[in-house]
Amino acid sequence: MSIVSKADTGVRAPLAAVLPAILGIALLVLPLAALVARASWGTLFQDVTSPAALQALWLSLRTGFTATLVCVVLGVPLALVMARSSARTAQLLRALVAVPLVLPPMVGGVALLFLFGRTSPLGRLIDDLWGMTLPFSTAAVILAQAFVALPFLVLSVEGALRSSGAGYEQAAATLGATPWTVLTKVTLPLAAPGLVAGVILCFARAIGEFGATALFAGNAPGVTQTMPLAIYTAFNGAGTGRDSAVALSLLLLATAILVLVSVRAWRPGALK
Amino acid sequence: MSEFLTARLTVPRTGFDVQVELDVHPGQALALMGPSGAGKSTIVHAIAGIERIASGMIQLGGTVLADGQRHLPPHRRSVGLLGQNPMLFPHLGAAGNIAFAARASGQGKAQAEQVARQWLERLGLGELAGQRPAALSGGQRQRIALARALAARPRLLLIDEPFASLDVEAAADMRQLVRAELERTGMTAIVVSHSAADAVALAGELAVIERGRMVQQGPVRQVLADPATRFVRAVAATLPAGDFLS
């Protein structure tokens with residue numbers, strides 16, 4: 001059986017597409033293979049479990065989970081509004097939601113700094129009310145992560161809501177179900193595969209966040225130094241630092257693969 | 001429960017407005033026929049509350065469902081709707097779908113589950129209680145959708161071409177079931193159909209809609225025996241000649 005034949009349809013991809021396709025896969029896979037090849041397996045366990053690495057990992061997981069929670073709380077209602085609003089409103093909202101996807105994260109970091117910085121009106125208000133400054137705190141890490149990760153959750157949930165359509169909700173309403181019952185017993189269960197996929201992608205994006213975090217939250221070990229920042233720091237350090245960087249990168253890569261496998265298990269078709 | 005339905009409604013659409021007046025007496029079934037796109041589903045959706053009316057009034061028993069200003073939401077109308085697509089919830093089993101309706105109409109969990117069991121037994125589908133809709137045949141799905149609509153204890157049942165997507169045998173079974181349930185419950189109903197045979201089998205009165213307007217209305221056989229338009233004549237011609245004699 002050829003890799004380009006599709007058994008159920010008998011339609012083959014054109015031969016001219018095969019070489020570029022192989023190069024494309026190579027571009028994606030070879031750097032990761034090089035990373036694995038470069039690892040010093042002898043000291044890998046030690047590097048990964050060093051106090052600095054564990055501190056960064058723990059901070060990444062904590063902030064990643066919290067950012068994902070923030071994204072769910074804000075993103076699911078936003079996706080609901082988008083999926084059930086007029087075509088024009090939905091288009092506008094979708095464009096706004098997609099901004100962090102196309103924006104360099106660094107720019108996002110600068111923007112967050114200007115919005116929440118100590119000299120900004122909002123920054124002053126937060127300072128007056130709670131006596132705290134957001135930038136360069138763990139809260140800033142969470143905000144930066146939520147900023148870049150929210151689109152993944154919203155677009156995934158909105159897609160699921162759109163594909164299930166309003167028909168089931170109307171059917172439920174004609175059976176006498178209140179809007180709350182429709183939401184909890186019909187709408188959300190039907191969107192569950194999209195929600196789970198969105199949550200996983202959102203979490204993966206959050207723990208991989210670098211640019212916005214670096215500018216808005218800084219690089220203080222234990223406070224704002226997440227895994228990607230720890231990798232960057234270790235890579236810029238001399239000698240032994242580079243091994244740690246590779247080890248930490250492998251740890252993030254393993255997390256990413258785990259995430260991908262879970263997404264596959266939760267694709268809409270997987271839900272019987 | 002038999003309720004009187006009176007509907008005078010205008011629903012704006014691109015092309016033409018749907019503007020009709022119709023009454024259905026308690027316990028009667030009205031057949032609604034017309035060419036594709038004539039506005040039959042619009043009328044049914046307006047009565048169910050899925051579409052808003054621009055003016056007029058829809059009243060069921062003593063309850064105003066809608067007028068130019070007020071719009072009672074679908075879940076407070078007690079109007080059941082069975083469409084061409086059964087719209088069974090894909091994440092619930094056959095019993096779960098029926099129990100959902102019983103729960104939505106205010107029955108307790110245990111009672112709703114019992115209602116679902118009784119329905120499935122009555123339909124001869126008891127062994128399919130746990131099956132998801134994807135595992136059921138088209139005919140089974142439609143029968144469960146009818147059971148679900150009735151388990152919500154509606155005051156009016158709207159049936160919008162539920163036989164159209166079924167094969168001949170399943171359609172005949174479904175037609176017989178609808179007829180039996182309408183007789184058993186004595187429920188007021190509107191049956192949208194393309195088929196003169198459905199109108200004869202299920203309804204006492206027939207209303208014909210063309211381009212959003214009522215073009216003919218009366219007892220089914222009388223309308224078919226004396227067609228006012230080409231469409232009605234074509235529909236009447238599909239009936240076996242002997243049918244008019246009975």
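**View 1. Strand 1 (residues 5–11) and strand 2 of chain B run side by side in the antiparallel sense.** In this predicted model, the two strands are joined over 7 bridges. If you would like a pair to start from, pick L5(B), which stands opposite V24(B) in strand 2 of chain B. Then follow the hairpin between the two strands, where 6 residues separate strand 1 from strand 2 of chain B. Within that hairpin G15(B) adopts a positive phi, near 100°.

**View 2. Strand 2 (residues 18–24) of chain B has side chains that alternate between two faces.** Which residues point to the buried face? They are V18(B), V20(B), L22(B) and V24(B). On the other face you will find Q19(B), E21(B) and D23(B), which are not buried.

**View 3. An open sheet of 4 strands in chain B has the order 2-1-4-5.** The pairing in this sheet is antiparallel. Which strands stand at the edges? Strand 2 and strand 5 (63–67) of chain B do: each has a single partner strand, so one side of each lacks a neighbour in the sheet. On average, and with direction ignored, neighbouring strands here are turned by 15° against each other. Towards one end of the order, strand 4 (residues 55–60) and strand 5 of chain B pair in the antiparallel sense over 4 bridges. A handy pair to display is Q59(B) with its bridge partner in strand 5 of chain B, V64(B). Add helix 1 (residues 40–48) of chain B to the scene and you will see that it lies across strand 1, strand 2 and strand 4 of chain B. Helix 1 of chain B runs at about 115° to strand 1 of chain B.

**View 4. Strand 6 (residues 79–82) of chain B is covered on both faces.** V79(B) and L81(B) are buried on one side, and G80(B) and L82(B) are buried on the other. How do strand 6 and strand 7 (residues 156–160) of chain B pair, in the parallel or the antiparallel sense? They pair in the parallel sense, over 4 bridges. L81(B) has L158(B) as its bridge partner in strand 7 of chain B.

**View 5. Helix 2 (residues 94–104) of chain B packs against helix 3 (residues 109–122) of chain B at an angle of about 130°.** Their axes are 8 Å apart. That angle makes helix 2 of chain B oblique to helix 3 of chain B, and their crossing is right-handed. Helix 2 of chain B contributes A94(B), A95(B), I98(B), A99(B), A102(B) and R103(B) to the contact. From helix 3 of chain B the residues include V115(B), A116(B), W119(B) and L120(B). By class, this contact divides into 10 nonpolar, 1 polar and 4 charged residues.

**View 6. Helix 2 of chain B also packs with helix 4 (residues 138–151) of chain B, here at an angle of about 20°.** The axes of helix 2 and helix 4 of chain B lie 7 Å apart. Why are the two helices called roughly parallel? Angles under 35 degrees count as roughly parallel, and helix 2 and helix 4 of chain B therefore fall into that class. Their crossing is right-handed. To draw the contact, show A94(B), N97(B), I98(B), A101(B) and A102(B) of helix 2 of chain B meeting I144(B), A147(B), R148(B) and A151(B) of helix 4 of chain B. The classes in this contact are 7 nonpolar, 1 polar and 1 charged.

**View 7. M87(B) and R153(B) each have a positive phi.** Most residues other than glycine have a negative phi. M87(B) takes a value near 55° and lies in the loop between strand 6 and helix 2 of chain B. Is M87(B) buried or exposed? M87(B) counts as buried, because it has 22 C-beta neighbours inside 10 Å. For R153(B), phi is near 50°, and this residue sits in the loop between helix 4 and strand 7 of chain B. R153(B) is buried too, with 20 other C-beta atoms within 10 Å.

**View 8. Chain A and chain B touch through 16 residues of chain A and 19 residues of chain B.** On the side of chain A, the elements giving two or more residues are helix 8 (167–174) and helix 9 (179–207) of chain A. Helix 8 of chain A gives the most, with 6 residues. By class, this side of chain A has 8 nonpolar, 6 polar and 2 charged residues.

How values were computed:
Residues numbered from 1 in each chain as written. Chains lettered and ligands numbered in written order. Predicted model: local features only at pLDDT ≥ 70, side-chain atom pairs only at ≥ 80, totals over all residues. Contact = placed C-beta atoms within 7 Å. Nonpolar A, V, L, I, M, F, W, Y, C, P; charged D, E, K, R; others polar. Axes fitted to C-alpha atoms, helices over the stretch in contact; angles between N-to-C directions. Parallel < 35°, antiparallel > 145°, perpendicular 65-115°, else oblique. Left-handed = near helix turned anticlockwise from the far one by under 90°. Buried ≥ 20, exposed ≤ 12 C-beta atoms within 10 Å, placed from the backbone. Pairing = 2+ DSSP bridges.
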